Each structure stands twice: as C-alpha cells, then as structure tokens.
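Good morning, colleagues. I would like to use this short presentation to introduce a structure that may be new to you. Please take a moment to look at it before I begin.

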Amino acid sequence: METSKVYFTRNISPEGLIQIFDAMGVKLKGNVAVKLSTGEPGGHNFLNPLLIAPLVSKLGGTIVECLTAYHGKRFEASDHWQAIRDHGFEAIAPCDIMDENGEMQLRIDGGKRLKNTNIVGEHLRNYDSMLMLSHFKGHQMAGMGGALKNMSIGVASKRGKAWIHSWGNTTEPDEYCNFAENQDAFLESMAEACMGVMDYMGRENIVYINVANNLSIDCDCNSNPQAPKMQDIGIFASTDPVAIDQSCYDTIMNSADEGKDDLVNRMLDKHAIHIVEEAENLGLGNRNYEIIDIDNKGNV
C-alpha cells in the first residue's frame with residue numbers, strides 16, 4: 001500500500017521551519033508564492049510574521065492572499081491591505097492580494113460539485129511554485145483548517161469562495177450562505193478546488209507546511225476566536241496535502257492532551273475529515289502516511 005512521508009518537528013521556531021522545509025529535500029522554482037492567512041483584524045492566532053520571515057526570505061517568496069467572501073475587514077482590497085500591514089506581513093516580504101484586479105478560471109477534470117470550474121485570483125498566473133503555509137486549527141464552517149482548506153478557499157477569489165461554499169450554485173458573496181445546509185457538498189467542493197490549483201501549478205511545484213499552534217476551534221478569519229485549550233503540537237511538512245492534513249487530524253484525535261475535547265468535537269460535528277477523504281478519492285494524495293520525526297532523526 002502506497003504511503004506518503006510527513007515530516008514532523010516539535011520545534012515551532014524560525015529555525016524549526018527552515019529545518020523541516022529542508023528535510024523534504026525539495027526546491028521551489030522561479031517566482032514562489034507563499035500562501036497563508038493574514039488573519040482577520042481582531043483575531044490573533046494567525047502565523048506570527050517573525051516566525052515565518054526567515055523561511056519566506058530563504059525562498060525569495062511573495063506572501064499571497066485573496067479577498068474574503070464575508071463582509072469583514074478583508075472584503076475590500078483597501079481594508080485587506082491595511083490588515084496585511086497592521087499584522088506585520090508587509091514588513092517581512094512582498095505581498096499580493098491575488099484577486100485585487102480580477103480573477104481567472106481553472107479547469108477541474110473530475111468531481112461532482114463545481115461543474116469542472118475553480119475561480120481563483122488572476123495573479124496566480126504570476127507564480128511558478130507555491131508553499132502552502134497553513135496554520136492548522138479548527139474552523140467554524142469546515143471543522144478544521146489545514147493545507148487543503150488553504151489551497152481551496154484560500155486561493156479562490158472572492159467570487160470563487162462563494163462558488164465553493166455554495167458547491168457550485170452561486171458566485172455572489174451575499175448568497176452563498178443559502179447553501180450551508182449540505183456540509184459534505186461544501187467539503188467535496190473544497191477538495192475539487194484543490195484539484196484545480198494542483199493541476200494548474202503542477203503537483204511537483206507545491207509543498208505543504210502545517211503549523212499546529214494556537215489550536216483554537218475557530219479559524220484565523222474569525223475576529224474573536226475562542227482561546228486555545230490544547231497545547232501547541234509542532235510543525236508538519238509534506239509534498240502530499242492529503243497526508244499532511246490526515247496526520248494533523250490523527251495527532252489531535254489521538255492526543256493525550258486534556259484540552260483537546262472542544263477541537264475534537266468541532267472536527268467531528270463538521271465532518272472535517274471528509275475533505276481529506278474526498279481529496280484522496282480525487283487522486284490528490286494518500287491518507288496512508290509515515291511520520292518522520294526530524295527531532296529524533298527517525299520514524300515515530
């Protein structure tokens with residue numbers, strides 16, 4: 001049975017990020033996009049710019065984002081730029097709101113929800129490779145936010161987010177909540193959107209890092225997230241987005257941390273693992289994985 005490698009370190013530090021990237025033995029070519037969440041103003045659990053700055057600099061990367069489909073402080077480009085500045089990201093690297101000037105459609109060859117179409121920020125065409133740098137945590141709609149959510153909702157344009165949330169029924173941000181009753185359809189749509197991004201960029205040109213710290217049950221898009229109850233876990237890295245999200249999910253589910261219950265219940269309530277299941281069904285990666293603990297120079 002085929003397995004994928006997931007690298008792990010408990011060292012949540014700038015040095016730990018560089019070490020785990022190097023452990024993968026990959027090289028990102030050309031113009032490198034670093035996709036992360038810049039965080040909704042009011043929230044504070046997003047990745048610290050000082051944590052990620054050395055790795056972004058090492059890659060010569062540009063931090064990329066897209067506008068939100070909900071009416072917060074990142075819905076309009078001017079407000080989103082202010083959030084990027086206020087949260088310290090513009091100080092560490094070039095930044096780009098990829099749908100600030102428009103969007104483009106990506107072909108999806110498969111799936112049952114998005115009518116073979118993913119809608120992303122048009123600036124995606126400016127990049128040759130991508131680091132999907134995700135803060136792994138809970139999420140009030142998806143159940144969990146990791147590599148797959150970051151690659152789907154995160155790379156989608158404002159209208160593309162509505163398209164995914166409504167499982168291919170509308171591109172209007174004010175209408176997508178009308179389709180919230182079918183949770184599995186939403187999760188399946190996110191998996192399909194990932195296929196569009198991976199096939200467009202080339203699967204060999206995207207790598208994935210999940211930082212499992214500040215483990216709130218709420219996403220970084222929440223302006224008032226619940227305080228984390230679990231202890232920080234560490235950093236996971238892989239060339240397989242399915243394996244990395246599965247390994248983070250399993251780590252939380254199997255944790256002895258007494259504070260895990262709220263996060264476990266959030267993931268179960270929203271059937272969070274279904275995005276991983278559907279991504280594997282679409283051929284995006286393997287749920288079978290091998291953890292390589294780089295702190296101990298061996299397998300867990």
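**Asn210 and its surroundings**

Leaving aside its neighbours within four places in sequence, Asn210 is in contact with Ser134, Phe136, Gly146, Ala147, Gly234, Ile235, Phe236, Ile244, Asp245 and Cys248. I should say at once that this is a predicted model. Asn210 has its place in strand 10, which covers residues 206–212.

Is Asn210 buried or exposed? Its relative accessible area is 0%. Because buried means under 20% relative accessible area, Asn210 counts as buried.

Let us turn to the polar partners of this residue. The side chain of Asn210 makes a polar contact with the side chain of Asp245, at 2.9 Å. In addition, a polar atom of the Asn210 side chain lies 3.5 Å from the backbone nitrogen of Ala147.

I move next to the cavities. How many cavities of 30 Å³ or more does the structure hold? There are two of them.

Asp245, the polar partner of Asn210, brings us to the second largest cavity, where Asp245 is one of the lining residues. The others in that lining are Ala142, Met144, Gly146, Leu148, Lys149, Leu187, Met190, Ala272 and Ile275. Gly146, which is also among the contacts of Asn210, thus appears in this lining as well. Helix 4 (147–152) and helix 6 (183–201) each supply at least two of the lining residues. By class, the lining has seven nonpolar, one polar and two charged residues. The space inside is about 40 Å³.

The largest cavity also holds about 40 Å³ of space. Leu215, Ile217, Gln226, Ala227, Lys229, Met230, Gly259, Asp262 and Leu263 line this cavity. Five of these residues are nonpolar, two are polar and two are charged.

Finally, I come to strand 1. Strand 1, residues 4–9, is mostly covered, with five of its six residues buried. With which strands does strand 1 pair, on the one hand in parallel and on the other in antiparallel fashion? The parallel partner is strand 12 (residues 289–293), joined to strand 1 by five bridges. The antiparallel partner is strand 11 (residues 234–238), joined by three bridges.

Phe8 illustrates both pairings. In strand 12, Phe8 stands opposite Asp293, and in strand 11 it stands opposite Phe236. Phe236 also returns us to the starting point of this talk, since it is listed among the contacts of Asn210.

Technical notes:
Residues are numbered from 1 along each chain as its sequence is written. This is a predicted model: local features need pLDDT of at least 70, side-chain atom pairs count only at pLDDT 80 or more; totals for chains, interfaces and linings use all residues. Side-chain values use heavy atoms; hydrogens and water are left out. On a 1 Å grid over the protein atoms alone, a cavity is a set of points where a 1.4 Å probe fits but cannot get out, and a pocket is an open set with protein on both sides within 12 Å along at least five of seven lines; lining residues have an atom within 4 Å of a point. Grid points are joined across faces, edges and corners, and a volume is the space filled by probe spheres set on the points. Ala, Val, Leu, Ile, Met, Phe, Trp, Tyr, Cys and Pro count as nonpolar, Asp, Glu, Lys and Arg as charged, and the others, Gly among them, as polar. Helices (H or I, at least four residues) and strands (E, at least two) are DSSP runs, numbered from the N terminus. Buried means under 20% relative accessible area, exposed over 50%, partly exposed in between (1.4 Å probe, protein chains only). A polar contact is a pair of N or O atoms within 3.5 Å; within protein, one must be able to donate a hydrogen and the other to accept it, and residues adjacent in sequence count only if both atoms are side-chain atoms. Contact means heavy atoms within 4.5 Å. Two strands pair if DSSP finds at least two bridges between them.
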